[in-house]
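Let's take a walk through this structure together, one piece at a time. Keep the picture open beside you as you read.

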Amino acid sequence: MKLHSCLAAAGLLMAALPPAIAADACAAYKWDVTPEVRLYTTQPGSVTVGATVADAPLIDAARLYALQLKPQESVQYAAPPSKKMLADGAYGGVLRLKVAAAGQYRVAIDSGFWLDVIHDGKPLDAADFNGVRDCDGPRKIVVYELPADVELTLQLGAAATAQAKLTVTAVATATP
Amino acid sequence: MTPHAQGDSAVSAAAGRAPFPERRSPPAWRDLDTETREAFDLGLAIFNTSWVIAGTPNAQRRDGLGPLFVAASCDGCHNNGARGRGEPVGNRLPNSFVMQLGGPPTVYGAVFATQALPGHVSEGRVELSWSARDGRYPDGEGWELRLPEYRLTQLAFGPLPGDAVLQPRIAPATFGSGLLEAVPHEAVMRIRALQSHAVRGELAWHEDADGKPRLGRFGWQAQAISIEDQTARALAREMGLTSRPHPQDDCTTQQAACRNAPQGGSPEVSDEFLGALVTLQANLAVPARPAGAAADSGAVLFERTGCASCHQSVLPVDTGSGTAIIDAYTDLLLHDMGEGLADRRVDGSIAGSQWRTAPLWGMAHALAGGDAGLLHDGRARSVEEAVLWHDGQARDARRAFERLPAAERRQLLDWVGSL
C-alpha cells in the first residue's frame with residue numbers, strides 16, 4: 001500500500017485554496033468570525049497538550065495556539081467524551097482554561113477534533129456550533145457559555161492529526 | 001413508552017418510541033441482549049467517527065475515505081440520527097446536503113463529490129441561491145416560500161450534459177428504520193388498495209442481489225430495499241468507502257486518479273462494521289412525543305383534510321415474535337408531488353416528481369433544534385412551508401388545509417409539529 005506524506009496522513013482533508021477563495025469561504029459561517037480569522041494570521045504560541053488534567057497547560061482566551069497532541073489512547077480525560085467515537089489512530093489531549101468574565105465563548109479549531117469543555121466533572125452543552133470546511137483558519141467553532149474565574153478542562157479527541165491550531169474568543173468581542 | 005422486551009408480542013399504539021434525554025446517545029426501541037447491545041454501541045461509535053485516508057497509522061479499521069467524498073462520517077450529515085440540519089437564512093449550503101446525480105451515467109457518478117483528499121481535486125462546488133414565492137390563504141393571511149436554485153461550479157471534469165438530473169438531498173432521519181423495514185409489504189399493498197384513485201401511491205419494487213422483487217422503502221424516493229442496502233450505498237457514494245454489498249465506490253472509469261488511489265482494504269468497511277451500523281439503525285428508537293403534545297383536534301383536522309390518506313398513522317410491524325403497531329405517518333408509497341418539488345435536469349426540464357411519503361414521526365425532535373430543513377432538499381423552514389409545497393396527488397389535501405380557518409390551520413400544524 002502506498003504510503004502518504006505526513007501531511008496527508010495527518011488527516012488534513014482539503015486541498016489548499018487560493019487566499020481570496022479561502023477568505024471568502026470564512027464568510028459562510030453563520031456568525032461574523034473576523035476576530036477568529038484575524039487571530040489565525042498571528043504567530044501562534046506552541047503548546048503540548050496534557051495527557052491528564054494534572055499536566056494540562058493553561059491557555060488564555062484571545063490567543064492562537066499551535067497544539068501538539070498525543071495518541072488518544074494515552075490520554076486520560078476528566079470526563080468521557082460526550083460523543084462516542086472510535087479512537088483508532090486518533091490524537092487528543094487536555095488543556096485548562098479560565099476566563100475572567102462569564103459569557104459566551106467560541107472555541108475555534110482548524111481541524112475536525114471533537115471538543116468538550118468540562119465543568120464540575122461534566123461536559124457543558126454547546127450553545128451553538130458551525131463548521132466551514134473551506135475557511136482558511138478556523139474550520140470548526142463551538143460556542144459555550146462559560147463561568148467566570150473557574151478552571152475548566154478543554155478536551156480534544158477523535159481526529160487523526162497530531163497538530164491543530166486553536167483559539168478561544170469571547171463572543172462579545174466579535175464584530176456584529 | 002416502555003420498550004418491548006424481545007419476544008414480547010404485546011401490541012402498543014406507539015411502538016418504537018422512547019424518550020431521548022441525550023441527543024448524542026439515541027436509545028434503542030427495545031431491550032437488547034448483550035451481543036446486540038455491543039453491536040449497537042459499536043455502530044453508534046462508527047456512525048460518529050470520521051473516516052481517514054488509507055494508510056493512516058493505527059487506523060486500519062476506519063481508513064479508506066474517498067478520495068472523492070461528501071462527508072467523512074455518517075454523523076456529518078445524519079446529525080445524531082436525526083434529519084439533517086437546514087439553513088434557515090442566507091445562501092449557505094447545509095452541511096447535511098448532498099447533490100446526487102441521476103439520468104444517463106456521467107463522469108461524475110452518482111454523487112457530486114464536493115470534497116477531496118490531498119492530492120485530488122473535488123468534482124466541484126454547489127452554490128445555492130433562493131427566490132421567494134409568496135401568496136395568500138383564502139382568508140387573506142400571507143405566506144412565503146423559498147425556491148432553491150443550484151449552480152454547480154468549478155466542474156473538474158467538464159460540464160454536465162443537459163440530460164443529467166440534479167437531485168439535491170438533505171439527510172433524512174434514521175430513527176425507526178428497523179421498524180419501517182419490518183412493515184410487511186402486504187400491508188403496504190393493502191393500504192394502497194384502499195387509497196382513492198386520485199391519491200393512490202405506487203409501490204417501489206426493486207430486485208435484490210438474488211433477483212427477487214423487494215419493496216423499496218428507504219431514501220427519499222424509496223430506492224433502497226433495506227437498511228443494509230441504503231447504508232452500503234451511502235458509504236460508497238458519499239464517503240468513498242467500499243463494503244461487501246457495494247464493492248465499488250463512486251469513482252468512474254474516466255476518473256483514473258480516483259480509481260487508482262490507495263484503498264483502505266477490500267472492502268474498506270468490514271462486515272463487522274457494516275453489521276454494527278445496520279444493528280444501530282435497526283434498533284434506533286423514535287423520539288417520544290413531548291409532554292403536553294398538541295391537542296387531538298389537530299389529528300381530526302389531519303384526517304379531514306386528507307393528509308392521513310398518505311401519512312398513515314397505523315402500520316403493522318412484524319417483530320419476529322408478534323405484531324406491533326407503529327405511528328410512522330407514512331404509507332411507504334411513492335406519490336407524485338407536482339412540479340414544484342420535482343427534480344430537474346441540467347437543461348431545466350422536469351425529471352421526476354415521485355416521492356416516498358416522508359415519515360412524520362419524530363417531527364417534534366427535528367423542530368426542537370431550531371434549524372430543521374424539511375422536504376427532500378431542506379427548503380422548508382417549517383411544517384407550514386412543507387405543507388404549502390404539496391402538489392400533484394397532494395394538491396387537494398393542501399387546498400383543504402388552505403381553506404381552513406387560520407386557527408384550525410395553526411392547530412393542524414402544531415399537531416404535526418408535535419409528532
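Which residue stands opposite A:Y105 in β10(A)? Find β6, residues 103-109 of chain A, and then β10, residues 140-146 of chain A. The two strands pair in the antiparallel sense over 7 bridges, and the residue facing A:Y105 turns out to be A:Y144. Before we go on, keep in mind that you're looking at a predicted model.

Now zoom out to the sheet around that pair. In chain A, 6 strands form an open sheet, and their order is β1-β3-β12-β6-β10-β9, with mixed pairing. At the edges you'll find β1 and β9 (128-131) of chain A; each has a single partner strand, so one side of each has no neighbour in the sheet. From one strand to the next, the twist averages 25°.

Strand β3 of chain A, residues 65-68, is a nice place to pause, and its side chains alternate. A:Y65 and A:L67 point to one face and are buried, while A:A66 and A:Q68 point to the other face and are not buried. What does β3(A) pair with? Strand β1, residues 45-48 of chain A, runs parallel to β3(A), and 4 bridges join them. Strand β12, residues 163-170 of chain A, is also joined to β3(A) by 4 bridges, but here the strands run antiparallel. You can spot both pairings at A:Q68: A:T48 stands opposite A:Q68, and A:Q68 also stands opposite A:Q163 in β12(A).

What about chain A as a whole? Its secondary structure comes to 3 helices and 12 strands. The chain has 176 residues, and 41% of them count as buried. Take the contacts in chain A with a separation of 6 or more: 78% of them are between residues 24 or more positions apart.

How sure is the predictor about chain A? The average pLDDT is 87, and 84% of the residues score at least 70. Residues 1-21 of chain A are another story, since pLDDT stays under 50 there. The model has 41 contacts beyond four places in sequence for that stretch. Where pLDDT is low, the predicted coordinates should not be read in detail.

Hop over to chain B for another open sheet. This one has 4 strands in the order β3-β7-β14-β15, with antiparallel pairing. Its edge strands are β3 (97-102) and β15 (350-352) of chain B, and each pairs on one side only. The twist averages 35° from one strand to the next. Inside the sheet, 2 bridges join β7 (residues 165-170) to β14 (residues 343-345) of chain B, and B:V165 has B:R345 as its bridge partner in β14(B).

Let's finish with a helix, α8 of chain B, residues 297-304. Which of its residues are buried? They are B:G298, B:L301 and B:F302. Seen down the axis of α8(B), these buried residues fall within an arc of 105°, so they line one face of the helix. An α-helix has 3.6 residues a turn, so residues three or four places apart point the same way.

The buried residues of α8(B) pack against α12 (406-416) of chain B. The axes of the two helices, α8(B) and α12(B), come within 8 Å and cross at roughly 100°, so α8(B) and α12(B) are roughly perpendicular to each other. Among the residues making this contact are B:L301 and B:F302 of α8(B), along with B:L412 and B:W415 of α12(B). After α8(B) comes B:G306, whose phi is positive, near 100°.

Conventions. Residues are numbered from 1 along each chain as its sequence is written. Chains are lettered from A and ligands numbered from 1 in the order in which they are written. This is a predicted model: local features need pLDDT of at least 70, side-chain atom pairs count only at pLDDT 80 or more; totals for chains, interfaces and linings use all residues. A residue is buried if 20 or more other C-beta atoms lie within 10 Å of its own, exposed if 12 or fewer, and partly exposed in between; C-beta atoms are placed from the backbone. The arc is that of the directions from the helix axis to the C-beta atoms. Two residues are in contact if their C-beta atoms, placed from the backbone, lie within 7 Å. Two strands pair if DSSP finds at least two bridges between them. Axes are lines fitted to C-alpha atoms, for helices over the stretch in contact, and angles run from 0 to 180 degrees between N-to-C directions. pLDDT is the predictor's confidence in each residue, from 0 to 100. Angles under 35 degrees count as roughly parallel, over 145 as roughly antiparallel, 65 to 115 as roughly perpendicular and the rest as oblique.
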